[in-house]
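Visitor: Got a minute to walk me through this one? I'd like to get my bearings before I go back to the bench.

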Amino acid sequence: MTPQDDARDQLKDIANDIERLRQELDAAISRRYDAVEAARAAGITWREAATILKMTETGLMKTQAATRGRTKD
């Protein structure tokens, strides 16, 4: 095996790791969206939900809107 083959294999491994992590992140964002919607319906404030999630209130509202927009497509 050449150094170039080793480098290609390493790059492929990294690409696979990144793809797997992207899928996990997408799943976590989807779960967060559903959990926030349920929490809001149960009377939890944006501020409390954001604090629990270690986010800003504005950031949470923006991510909810963005996720909502993605799921409608």
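Guide: Sure, let's go from the overall fold down to single residues. Keep in mind that this is a predicted model.

Visitor: How many helices and strands are there?
Guide: The protein has 3 helices and 0 strands. Along the sequence the pattern reads α-α-α. Helix H1 covers residues 3-41, H2 covers residues 46-52, and H3 covers residues 57-71.

Visitor: And what's the radius of gyration, next to that of a compact globule?
Guide: The protein comes out at 18 Å, whereas a compact globule of 73 residues would be near 11 Å. The C-alpha atoms fill a box of roughly 60 × 25 × 15 Å along the principal axes.

Visitor: What share of the residues is buried?
Guide: Buried residues are 12% of the 73. As for the surface, the protein exposes about 5800 Å², and 55% of that comes from carbon and sulfur atoms.

Visitor: OK, so which residues make up the largest nonpolar core?
Guide: That core has 5 residues: Val36, Trp46, Ala49, Ala50 and Leu60. Helix H2 gives the largest share of this core, with 3 residues.

Visitor: Let's stay with Trp46. Buried or exposed?
Guide: Trp46 counts as buried because its relative accessible area is 18%, and the cut-off for buried is under 20%. Trp46 sits in helix H2.

Visitor: What does Trp46 touch, leaving out residues up to four places away in sequence?
Guide: Trp46 touches Val36, Arg40, Glu57, Leu60, Met61 and Gln64. Asp34 is 12 residues from Trp46 in sequence, and their C-alpha atoms are 14 Å apart.

Visitor: And Val36, what does that one touch?
Guide: With residues up to four places away again left out, Val36 touches Trp46, Leu53, Leu60 and Gln64.

Visitor: Gln64 has come up twice now. Where does Gln64 lie, and why is it classed the way it is?
Guide: Gln64 lies in helix H3. Gln64 is classed as buried because its relative accessible area is 1%. Setting aside neighbours within four places in sequence, Gln64 is in contact with Arg32, Tyr33, Val36, Glu37 and Trp46.

Visitor: Switching to the loop between H2 and H3. What's up with the phi of Lys54?
Guide: Lys54 has a positive phi of about 60°, although it is not a glycine. Lys54 belongs to the loop between H2 and H3. With a relative accessibility of 78%, Lys54 counts as exposed, since the cut-off for exposed is over 50%.

Visitor: What about the arginines? Start with Arg47: buried or exposed?
Guide: Arg47 is exposed, at 58% relative accessible area. Arg47 is in helix H2. From Arg47 to Leu60 there are 13 residues along the chain, and their C-alpha atoms are separated by 8.9 Å.

Visitor: And Arg31, how far is it in space from Ile18?
Guide: Arg31 and Ile18 are 20 Å apart, C-alpha to C-alpha, and 13 residues apart in sequence. Arg31 is in helix H1 and is exposed, with a relative accessible area of 56%.

Visitor: Last one, on charges. How many positive and negative ones are there?
Guide: There are 13 positive and 13 negative charges, and the mean positions of the two sets are 9 Å apart.

How values were computed. Residues are numbered from 1 along each chain as its sequence is written. This is a predicted model: local features need pLDDT of at least 70, side-chain atom pairs count only at pLDDT 80 or more; totals for chains, interfaces and linings use all residues. Side-chain values use heavy atoms; hydrogens and water are left out. A nonpolar core is a set of buried Ala, Val, Leu, Ile, Met, Phe, Trp, Tyr and Cys residues joined through side-chain atoms within 4.5 Å. Buried means under 20% relative accessible area, exposed over 50%, partly exposed in between (1.4 Å probe, protein chains only). Helices (H or I, at least four residues) and strands (E, at least two) are DSSP runs, numbered from the N terminus. Contact means heavy atoms within 4.5 Å. The radius of gyration is taken over C-alpha atoms; the globule rule is 2.2 Å times the number of residues to the power 0.38. Accessible areas come from the Shrake-Rupley method with a 1.4 Å probe; for residues, only the protein chains shown count as cover. Lys and Arg count as positive and Asp and Glu as negative; His and the chain ends are not counted. The place of a charge is taken as NZ of Lys, CZ of Arg, CG of Asp or CD of Glu.
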